[in-house]
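Work through the following exercises with the coordinates open beside you. Each task is followed by a solution that goes step by step.

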Amino acid sequence: MTVTSPFTAVVPAAGVGKRMGASLPKQYLTLDGRTVLEHTLDRLLGHPAIARIIVATAEHDSWFPALAVARHPRVLRVAGGRERADSVHNALARVETEFVLVHDAARPCLHPADLDEVLAAGRQGDGAILACRVRDSMKRGDGRGAILESVSREELWHALTPQCFATALLRQALAGALAAGCEITDEASAMEWAGHRPRLVEGRADNIKITRPEDLGLAGFFLQQRIESEQ
């Protein structure tokens, strides 16, 4: 990949991960001897186009300062917010590069080739996100535990991260959506609210987000497969 201009990576890491049912936030759970967050940051630090990483943590987070990566010269910590969008908004205030990518703290299995692709696409137009096509049959529930209808999976995608945009566009879109009280599920949803149409970049399905207990073992398997393939 030819580096034409640097990116800043924003990693929102202020969540508590309630669905994991663990005694500490999921980004600090151990995976192959290191925290999930360390694996994630290593993936980003290893890319030449990423000049800086801004990690947004909870105000009283005592785990992050104990990590060696917290003292890396390219890593900056900022205070996160109540919701993910608030954390990203806070971090964007410290971004100085023309382009920015946002990546989930609990996605440690990002593949370098996917990162290359989304960074290249993110420099163009309305930006880009990594995504995977929906493969399973889709059902809409009726709110009472029964199927209301089947939904065509044609052109349905799972939104992944990183999500990459021009910094000024994302900053404006996110601030506007927050001010309007819009439900922001990811950065692309703020861009969509502002009238932009980010590009979908098809990525690998093993770029999973650790959300439930069983995801930790699966992520460990994918990481081990990656290590073996790189040897």
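The exercises below concern a predicted model, and they go from a helix pair to single residues and then to backbone geometry.

**Exercise 1. The packing of two helices**

Task: Describe how helix α2 and helix α4 pack, giving the angle, the class of that angle, the handedness of the crossing and the residues in contact.

Solution. Begin with the two segments, where α2 covers residues 84–92 and α4 covers residues 167–179. Their axes are 10 Å apart and meet at an angle of about 140°. The class for roughly antiparallel needs an angle over 145 degrees, and α2 is therefore oblique to α4. The crossing of the pair is left-handed. On the side of α2, the contact is made by A85, D86, V88, H89 and L92, while α4 contributes L170, R171, L174, A175 and L178. Sorted by class, this contact has seven nonpolar residues, one polar residue and two charged residues.

**Exercise 2. The burial of a helix**

Task: Decide how many residues of helix α1 are buried, and name them.

Solution. Helix α1 runs over residues 36–45, and eight of its 10 residues are buried, so that the helix is mostly covered by the cut-off of under 20% relative accessible area. The buried residues are V36, L37, E38, H39, T40, L41, L44 and L45.

**Exercise 3. Two residues of one loop**

Task: For R107 and L110, establish the location, decide whether each is buried or exposed, and list the contacts beyond four places in sequence.

Solution. Start with R107, which is found in the loop between β6 and α3. R107 has a relative accessibility of 7% and therefore counts as buried. Leaving out residues up to four places away in sequence, R107 touches T40, A159, L160, T161, N207, I208 and K209.

Turn next to L110, which is placed in the loop between β6 and α3 (112–122). With a relative accessible area of 1%, L110 is buried. Its contacts, again without residues up to four places away in sequence, are R43, L44, H103, L115, L130, T161, P162, N207 and R226. As a distance check, the C-alpha atoms of L110 and V36 are separated by 12 Å, with their positions 74 residues apart along the chain.

**Exercise 4. A threonine and its polar partner**

Task: Locate T97, decide whether T97 is buried or exposed, and find the residue with which its side chain makes a polar contact.

Solution. T97 sits in the loop between α2 and β6, the latter spanning 99–102. Its relative accessible area of 17% places T97 among buried residues, because the cut-off is under 20%. The side chain of T97 makes a polar contact of 2.8 Å with the side chain of T8. Beyond four places in sequence, T97 touches P6, F7, T8 and T167.

**Exercise 5. Contacts between distant parts of the chain**

Task: Find the surroundings of V78 and of L216, and give a C-alpha distance for each.

Solution. V78 belongs to strand β5, residues 75–79, and at 10% relative accessibility V78 counts as buried. Residues up to four places away being left aside, V78 touches I54, V55, A56, T57, A91 and R94. From V78 to V88, 10 residues apart along the chain, the C-alpha separation is 9.9 Å.

L216 lies in helix α6, which covers residues 213–230. When neighbours within four places in sequence are set aside, L216 is in contact with L29, T30, L31, V36 and I210. L216 and L31 are 185 residues apart in sequence, yet their C-alpha atoms are 7.2 Å apart in space.

**Exercise 6. Backbone geometry**

Task: Characterise the peptide bond from T161 to P162, and the phi angles of D32 and E155.

Solution. The peptide bond from T161 to P162 is cis, and its omega is near 10°; P162 lies in strand β10, residues 157–166. For D32, a residue other than glycine, phi is positive, near 55°. D32 is placed in the loop between β2 (30–31) and β3 (34–35), and its relative accessible area of 53% makes D32 exposed. E155, which is not a glycine either, has a positive phi of about 60°. E155 lies in the loop between β9 (147–151) and β10, and at 53% relative accessibility E155 counts as exposed.

Definitions and conventions
Residues are numbered from 1 along each chain as its sequence is written. This is a predicted model: local features need pLDDT of at least 70, side-chain atom pairs count only at pLDDT 80 or more; totals for chains, interfaces and linings use all residues. Side-chain values use heavy atoms; hydrogens and water are left out. Axes are lines fitted to C-alpha atoms, for helices over the stretch in contact, and angles run from 0 to 180 degrees between N-to-C directions. Angles under 35 degrees count as roughly parallel, over 145 as roughly antiparallel, 65 to 115 as roughly perpendicular and the rest as oblique. A crossing is left-handed if the near helix is turned anticlockwise from the far one by less than a right angle, and right-handed if clockwise. Contact means heavy atoms within 4.5 Å. Ala, Val, Leu, Ile, Met, Phe, Trp, Tyr, Cys and Pro count as nonpolar, Asp, Glu, Lys and Arg as charged, and the others, Gly among them, as polar. Buried means under 20% relative accessible area, exposed over 50%, partly exposed in between (1.4 Å probe, protein chains only). A polar contact is a pair of N or O atoms within 3.5 Å; within protein, one must be able to donate a hydrogen and the other to accept it, and residues adjacent in sequence count only if both atoms are side-chain atoms.
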